[in-house]
Each structure stands twice: as C-alpha cells, then as structure tokens.
Amino acid sequence: MTSTIDMDAIAERLQRLIAQARLPAVEPGLHYGLPAFKVGGKAFVSVKNNETIVLSLPIDRKEQLMEMAPEIYFQTDHYVGWPALPLRIGAIGDEELQLRLIEAWQYRAPKKLRATFD
C-alpha cells in the first residue's frame with residue numbers, strides 16, 4: 001500500500017515548484033483518483049505513487065527525455081503511445097523538475113493562457 005504521507009510530501013513539492021515558476025491558473029485536484037495539478041481542467045502532472053509522478057508531454061518529447069536520462073524518465077506498457085511520461089521523483093532535482101513542470105503546463109494550458117506566460 002502506498003503511503004499517503006509520502007504522496008502528500010510529493011504533492012507539496014510539486015505545488016512549491018509550480019508556485020516558484022509562477023504558472024498561472026493552476027488548480028490542485030484529482031486525476032483518476034490521484035493527486036494532480038490541472039490547468040484549464042486538464043491534468044498536467046499527477047502523483048502516481050510514493051516513487052512516481054506522471055507528466056503530460058508530447059510523445060516525441062517523451063522519447064527525448066527517456067534517451068537523455070533513463071535513470072529519471074521511463075515508461076511502462078500502459079503509457080506507450082500516450083502523451084504521458086512517468087518519472088522517478090526521487091531521482092530528479094528541483095531545478096530539472098521545475099523545467100519539466102513548465103513544459104507539461106505549456107503542453108496542457110489553453111492557447112490564450114499560454115500566451116500570458118513568459
């Protein structure tokens with residue numbers, strides 16, 4: 001069983017990095033019953049368990065990141081062909097994670113909202 005304390009700590013880390021990035025119109029919520037952050041009603045990151053989060057990213061970007069850092073980014077059969085990239089939360093530093101959160105937000109945010117973010 002996954003510890004909710006660990007998942008809460010992960011969600012708090014994500015929330016802190018999202019706030020530091022000043023991503024607009026982000027709402028905490030649930031995605032398939034799991035803690036998530038959404039923009040425009042769409043989840044751009046969710047906490048899968050106490051070791052893994054899942055980012056929404058284009059498939060070609062997923063491939064690049066998995067090649068670049070397979071110790072962080074991976075996929076299971078469930079995610080093949082889908083614009084969702086699991087990553088090992090314990091293996092990624094805050095700076096890189098914040099960059100990926102910005103990418104995921106930009107991928108999911110409505111076009112008009114994206115235009116307001118530098």
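**Stop 1: helix α2**

Select D60 and E67. Both are exposed, and they sit on the face of α2 turned away from its buried side. This is a predicted model, so read every position as part of a prediction.

Now turn to the other face of the helix. Which residues of α2 are buried? Select K62, L65 and M66. Their arc around the axis spans only 100 degrees, so they lie on the same side of α2. A general point helps here: an α-helix has 3.6 residues a turn, so residues three or four places apart point the same way.

What covers that buried side? Show β5 (84–88) and α3, which are among the elements covering the buried residues of α2.

**Stop 2: α2 against α3**

Keep helix α2, residues 59–68, and add helix α3, residues 94–108. Two packed helices are described by the angle between their axes and the distance between the axes. For α2 and α3, the angle is about 170 degrees and the axes are 13 Å apart. An angle over 145 degrees counts as roughly antiparallel, and α2 and α3 are therefore roughly antiparallel to each other.

Show side chains at the contact. From α2, pick R61, L65 and M68; from α3, pick E96, R100 and E103. These residues meet across the two helices. Color them by class: two are nonpolar, none is polar and four are charged. L65 links this stop with the previous one, since L65 is also among the buried residues of α2.

**Stop 3: leaving α2**

Select P70. It is in the loop between α2 and β5. Is P70 buried, exposed or partly exposed? Its relative accessibility is 49%, so P70 counts as partly exposed.

Add R88 and draw a distance between C-alpha atoms. P70 and R88 are 18 residues apart along the chain, and their C-alpha atoms are separated by 9.7 Å.

**Stop 4: strand β5 and its partner**

Select β5. How many of its five residues are buried? Four are, which leaves β5 mostly covered.

Add strand β4, residues 52–56. β4 and β5 pair in the antiparallel sense over five bridges. For one pair to center on, take S56 and its bridge partner in β5, A84.

**Stop 5: the whole sheet**

Zoom out and show the strands. They form an open sheet of five, in the order β1-β2-β3-β4-β5, with antiparallel pairing. Which strands are at the edges? β1 and β5 are, and each pairs on one side only. From one strand to the next, the twist averages 30 degrees. In general, strands of a sheet pair through backbone hydrogen bonds, either parallel or antiparallel.

**Stop 6: S46 in β3**

Select S46, which lies in strand β3. With a relative accessibility of 8%, S46 counts as buried. Expand the selection to its contacts. Apart from neighbours within four places in sequence, S46 touches H31, P35, A36, I53 and V54.

**Stop 7: the β2–β3 hairpin**

Show β3 as residues 42–47, next to β2. Four bridges join these strands, which run antiparallel. Center on F37, which stands opposite V45 in β3.

Follow the chain through the turn. The β2–β3 hairpin has two residues between its strands. Select G40 in that turn: its phi is positive, at about 60 degrees.

**Stop 8: the β1–β2 hairpin**

Move to β1 and β2, the latter covering residues 34–39. Six bridges join them, and the strands run antiparallel. Select E27 and K38: E27 stands opposite K38 in β2.

This hairpin also has two residues between its strands. Select Y32 and check its backbone: phi is positive, near 50 degrees.

**Stop 9: the loop before β1**

Finish between α1 (4–21) and β1 (26–31). R22 is in this loop, and so is A25.

Start with R22. Its phi is positive, about 60 degrees, although R22 is not a glycine. R22 has 70% relative accessibility, so it counts as exposed.

Then select A25. Its phi is also positive, near 60 degrees, again in a residue other than glycine. A25 is partly exposed, with a relative accessible area of 46%.

Note on methods:
Residues are numbered from 1 along each chain as its sequence is written. This is a predicted model: local features need pLDDT of at least 70, side-chain atom pairs count only at pLDDT 80 or more; totals for chains, interfaces and linings use all residues. Side-chain values use heavy atoms; hydrogens and water are left out. Axes are lines fitted to C-alpha atoms, for helices over the stretch in contact, and angles run from 0 to 180 degrees between N-to-C directions. Angles under 35 degrees count as roughly parallel, over 145 as roughly antiparallel, 65 to 115 as roughly perpendicular and the rest as oblique. Contact means heavy atoms within 4.5 Å. Ala, Val, Leu, Ile, Met, Phe, Trp, Tyr, Cys and Pro count as nonpolar, Asp, Glu, Lys and Arg as charged, and the others, Gly among them, as polar. Buried means under 20% relative accessible area, exposed over 50%, partly exposed in between (1.4 Å probe, protein chains only). Two strands pair if DSSP finds at least two bridges between them. The arc is that of the directions from the helix axis to the C-beta atoms.
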